[in-house]
Amino acid sequence: RRPRVVRKSNGSTRKERQGIRRSSQGPRGKPVGVQPNAGDRPSSPSGGPLDRGGEEQVQPERNVQEALAELGRILIYEAVREWLPVVEAQIETPLALADVSIVDSEKPIKVVPILRAGLVLLENAQTVLPASETYHLGLVRDEETLLPTEYLNKLPDSFSPDDKILVSDPMLATGGTLAHALDLIVARGAKPENIRVICALAAPPGLSKISDKFPGLRIYAGIIDPELNDVGFIVPGVGDAGDRSFGT
């Protein structure tokens, strides 16, 4: 017999099985904002999809895509867990009523993936985001000038200052592409303190650029690598996230 949920906050009796959880709160997640010492950089388990132990460790695109998707799920949880609104309710179990807190699916988080690789980090997003609205933004970086060019913009005409916005961009290198995306979002009414960014890898130049330009914004990164090369790629990095994910 499946449990029946009864909201207590507004008297609604609509079933909300998705997102049911006991109210709990773990230690507050720490946003990435400083460069660790080179010796502190974590390494993936031997043989893992993103293991960078040497050329022999380069993995097929499917493994890279799966690894980025799983990393994205973890980063999404860390970035939004303080944002998820909850309401008090009761679950009718086969034995008794249980008081619980459930995620309020009527207040979706706005999600902005920067195409194309930004989609990969969001493949498992629904497992941690009970409700979301997705707005695709296509940007490509010129490899000579390192400046972004916009080829797709599905952002809404405006955001509410209270909207919670999650931006997905796997590589934060120079920060030019992400800064352009954030300019578009903020110009539509969003507040930087209500924007959070997830990325697989970041480098100090990009982190500094974004933190200086958008105070209050938080970035959650899987790892911070020490530098960029002369063509703006993260070193040691993993190469181009889109190419590695899609085999191009």
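Reader: What surface does the protein chain expose, and what share of it do carbon and sulfur atoms supply?
Author: The protein chain exposes about 13000 Å². Carbon and sulfur atoms supply 50% of that surface. The area comes from the Shrake-Rupley method with a 1.4 Å probe; for residues, only the protein chains shown count as cover. This is a predicted model: local features need pLDDT of at least 70, side-chain atom pairs count only at pLDDT 80 or more, and totals for chains, interfaces and linings use all residues. Residues are numbered from 1 along each chain as its sequence is written, and side-chain values use heavy atoms, with hydrogens and water left out.

Reader: What makes up the protein chain in helices and strands?
Author: It has four helices and 14 strands. These are DSSP runs, numbered from the N terminus: helices are H or I with at least four residues, strands are E with at least two.

Reader: How many of the residues in the protein chain, as a percentage, are buried?
Author: Of the 248 residues, 43% are buried. Buried means under 20% relative accessible area, exposed means over 50%, and partly exposed lies in between (1.4 Å probe, protein chains only).

Reader: Why is Ala-187 called exposed?
Author: Its relative accessibility is 67%. The cut-off for exposed is over 50%, so Ala-187 counts as exposed. Ala-187 belongs to helix α2. Its C-alpha is 9.0 Å from that of Phe-159, 28 residues away in sequence.

Reader: What class does His-180 fall into, and why?
Author: His-180 has 26% relative accessibility, so it counts as partly exposed. This residue also sits in helix α2. Leaving out residues up to four places away in sequence, His-180 touches Leu-139, Pro-148 and Glu-150. Contact means heavy atoms within 4.5 Å. For His-180 and Pro-148, the C-alpha atoms are 7.3 Å apart, with their positions 32 residues apart in sequence.

Reader: Why is α2 called roughly parallel to α3?
Author: Two packed helices are described by the angle between their axes and the distance between the axes. Helix α2 (residues 176-187) and helix α3 (residues 204-213) pack at about 20°, with axes 9 Å apart. That angle makes α2 roughly parallel to α3. The cut-offs: under 35 degrees is roughly parallel, over 145 roughly antiparallel, 65 to 115 roughly perpendicular, and the rest oblique.

Reader: Which residues make the contact of α2 with α3?
Author: Helix α2 brings Gly-176, Leu-178, Ala-179, Leu-182 and Asp-183. Helix α3 brings Lys-209, Ile-210 and Lys-213. They divide into four nonpolar, one polar and three charged.

Reader: What makes Lys-213 partly exposed?
Author: Its relative accessible area is 43%, so Lys-213 is partly exposed. Lys-213 lies in helix α3. Its C-alpha is separated by 8.0 Å from that of Ala-179, 34 residues apart along the chain.

Reader: Where does the peptide bond that starts at Leu-115 lead, and is it cis or trans?
Author: The bond runs from Leu-115 to Arg-116 and is cis, with omega near 5°. Arg-116 is in the loop between β5 (109-115) and β6 (132-134). The bond from Val-235 to Pro-236 is cis as well, with omega near 5°. Pro-236 is in the loop between β14 (234-235) and α4 (241-246). Most peptide bonds are trans.

Notes: Axes are lines fitted to C-alpha atoms, for helices over the stretch in contact, and angles run from 0 to 180 degrees between N-to-C directions. Ala, Val, Leu, Ile, Met, Phe, Trp, Tyr, Cys and Pro count as nonpolar, Asp, Glu, Lys and Arg as charged, and the others, Gly among them, as polar.
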